[in-house]
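I set out to record what I looked up in this structure, entry by entry. The notes follow the order in which I worked.

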Amino acid sequence: MKESSKIFLKQLFKEYYYINSSRIAKEVNRISQREIAYISLETGKIIRHIGVKSKSDLFNLILTDVPAHLYHSAAYYLFPDREMDKKVLLAADLVFDIDADKLTYKGAKIDYFYLCDECHEVYKSKREKCEKCGGKLREIEWLNDLNVAKKETMKLMRILIDEFGFDPKGITVYFSGNRGYHIHVSGGDVENMDVRARLEIADYLKLIGYDLVYDRYPERRTFKRLKRILEGREIISDLNEGEADKLRSIIKGDLDIQDKVKMLNTRLKEKIESYIRRNEGIEIDPVVTTDMHRLIRFPESIHGGTGFIKRKVDDLTSFNPFNDAILLPGRKIDVYVEYSPAITLRGEEYGPFFRERARLPGYVAAFLICKGVAEVE
Ligand SMILES: [Zn+2]
């Protein structure tokens with residue numbers, strides 16, 4: 001990134017933090033017990049193990065060395081500013097991370113293109129190196145649809161409330177600022193759960209170790225699906241001919257579900273299990289949920305990879321990240337864009353751009369600069 005681009009981003013980010021400080025500070029409770037960390041926009045280095053006494057401490061910090069990324073610990077510590085093994089863990093929020101990147105098998109779409117940093121050639125598909133000059137290629141990830149991640153988040157919410165019985169008041173959903181959603185659960189007994197309990201929750205959600213032989217509770221989601229399959233009301237598409245024949249003959253038989261299950265051979269059983277896991281399992285990142293010492297992106301902070309905000313979501317159904325998470329100032333600025341597909345931010349379409357100058361609102365310019373496809377000249 002050119003120095004001129006960095007100065008522009010720093011100014012824009014600082015302005016955002018200055019204007020929104022009170023809204024941001026409200027989002028994290030017991031801030032004095034959290035470890036604060038950030039990646040400096042200036043140096044690109046991560047600075048960890050910061051403790052702040054108050055919200056104004058936090059904002060002095062942010063406005064002095066503007067972060068490209070800002071984090072807080074999921075955990076509450078007695079001494080948040082000490083080294084890891086001397087912090088003394090008191091409790092931790094339960095956090096779930098749903099990322100479009102992991103949901104491509106459920107239909108999420110992520111586009112990539114490749115830029116040569118030497119001769120600036122653009123490629124739509126991956127290759128070893130630039131065909132024109134042999135230069136190294138940089139992969140740029142391009143999102144245009146986060147609906148699959150949204151649906152997965154809705155499914156997770158229903159399970160947390162209906163099956164785990166968590167109080168909806170303790171659950172907050174955020175757009176992550178990039179490819180998905182974060183779900184924070186705090187308060188009550190949740191905070192005091194140990195790693196083992198968190199691991200069990202993660203396994204349950206992902207259906208790790210799911211065995212249909214033991215799936216016998218009629219009110220369970222997985223059992224209902226299993227029943228539909230074995231009664232021929234739901235079709236599994238990826239069976240070969242032999243397996244499909246075998247399953248058809250089992251479906252036809254006048255047996256109850258348990259007896260039908262007994263007739264499945266190992267291969268067919270595994271295929272049905274993996275189908276159920278794919279459709280009923282929730283694609284969370286298990287590390288985020290089980291690692292109590294993990295750093296979490298600070299709510300309402302700027303994601304330095306997009307310039308989008310990790311935004312609190314009040315109504316998931318109507319939430320549109322390309323509108324609702326775009327909160328950087330809109331003052332126009334001239335930039336040079338190497339390459340960019342068309343993007344729609346706050347309801348207006350920009351681009352496509354190819355090796356051209358453009359006068360763009362601050363948040364559009366910031367997005368393109370953060371993506372590494374534009375510079376302030
Ligand atoms: Zn090249």
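**Entry 1: the sheet around β3**

I began with the pairing of β3 and strand β12 (residues 295-297), which run antiparallel and are joined by 3 bridges. I note here that the model is a predicted one. For individual pairs in this ladder, I found R297 of β12 as the bridge partner of Y71, and I296 of β12 opposite H72.

I then turned to strand β1 (residues 36-40), which pairs with β3 over 5 bridges, again in the antiparallel sense. H72 in β3 has I36 standing opposite. H72 is thus listed opposite I36 and also opposite I296 in β12.

How well covered is strand β3 (residues 67-73)? I found that 7 of its 7 residues are buried, and I recorded the strand as mostly covered.

Next I looked up the whole sheet. It is open and consists of 4 strands in the order β2-β1-β3-β12, with antiparallel pairing. At the edges I found β2 (46-50) and β12, each of which pairs on one side only. On average, neighbouring strands of this sheet are turned by 30° against each other, with direction ignored. I also recorded that helix α2 (residues 55-64) packs on the sheet and touches β1, β2 and β3. The direction of α2 makes about 10° with that of β1.

**Entry 2: α1 against α11**

I looked up the packing of helix α1 (residues 3-26) with helix α11 (residues 362-370). Their axes are 11 Å apart, and the packing angle is about 130°. Which term describes their orientation, oblique or perpendicular? I entered α1 and α11 as oblique to each other, because an angle of about 130° falls outside the ranges for roughly parallel, roughly antiparallel and roughly perpendicular. The crossing of α1 past α11 is left-handed.

For the contact itself, I listed S5, F8, L9, L12 and F13 on the α1 side and G362, A365, A366, I369 and C370 on the α11 side. By class, this contact has 8 nonpolar and 2 polar residues, and no charged ones.

**Entry 3: K14**

I located K14 in helix α1. Is K14 buried or partly exposed? Its relative accessibility is 36%, so I entered K14 as partly exposed. Leaving out residues up to four places away in sequence, K14 touches L63 and V66. I noted that K14 and V66 lie 52 residues apart in sequence, whereas their C-alpha atoms are 6.4 Å apart in space.

**Entry 4: backbone features in loops**

I looked up a cis peptide bond and found it between G351 and P352, with omega at about 5°. P352 is placed in the loop between β16 (348-350) and β17 (353-361).

I then examined positive phi values outside glycine. V88 has a phi of about 65°, and I found this residue in the loop between β4 (75-77) and β5 (89-92). E300 has a positive phi near 65° and is likewise a residue other than glycine. I placed E300 in the loop between β12 and β13 (312-313).

Which of the terms buried and partly exposed applies to E300? At 2% relative accessibility, I entered E300 as buried, because the cut-off for buried is under 20%. V88 has a relative accessible area of 42%, so I entered V88 as partly exposed.

Key. Residues numbered from 1 in each chain as written. Predicted model: local features only at pLDDT ≥ 70, side-chain atom pairs only at ≥ 80, totals over all residues. Heavy atoms only, no water. Axes fitted to C-alpha atoms, helices over the stretch in contact; angles between N-to-C directions. Helix = DSSP H or I, 4+ residues; strand = E, 2+ residues; numbered from the N terminus. Left-handed = near helix turned anticlockwise from the far one by under 90°. Contact = heavy atoms within 4.5 Å. Nonpolar A, V, L, I, M, F, W, Y, C, P; charged D, E, K, R; others polar. Buried < 20%, exposed > 50% of the residue type's maximum accessible area, 1.4 Å probe, protein only. Pairing = 2+ DSSP bridges.
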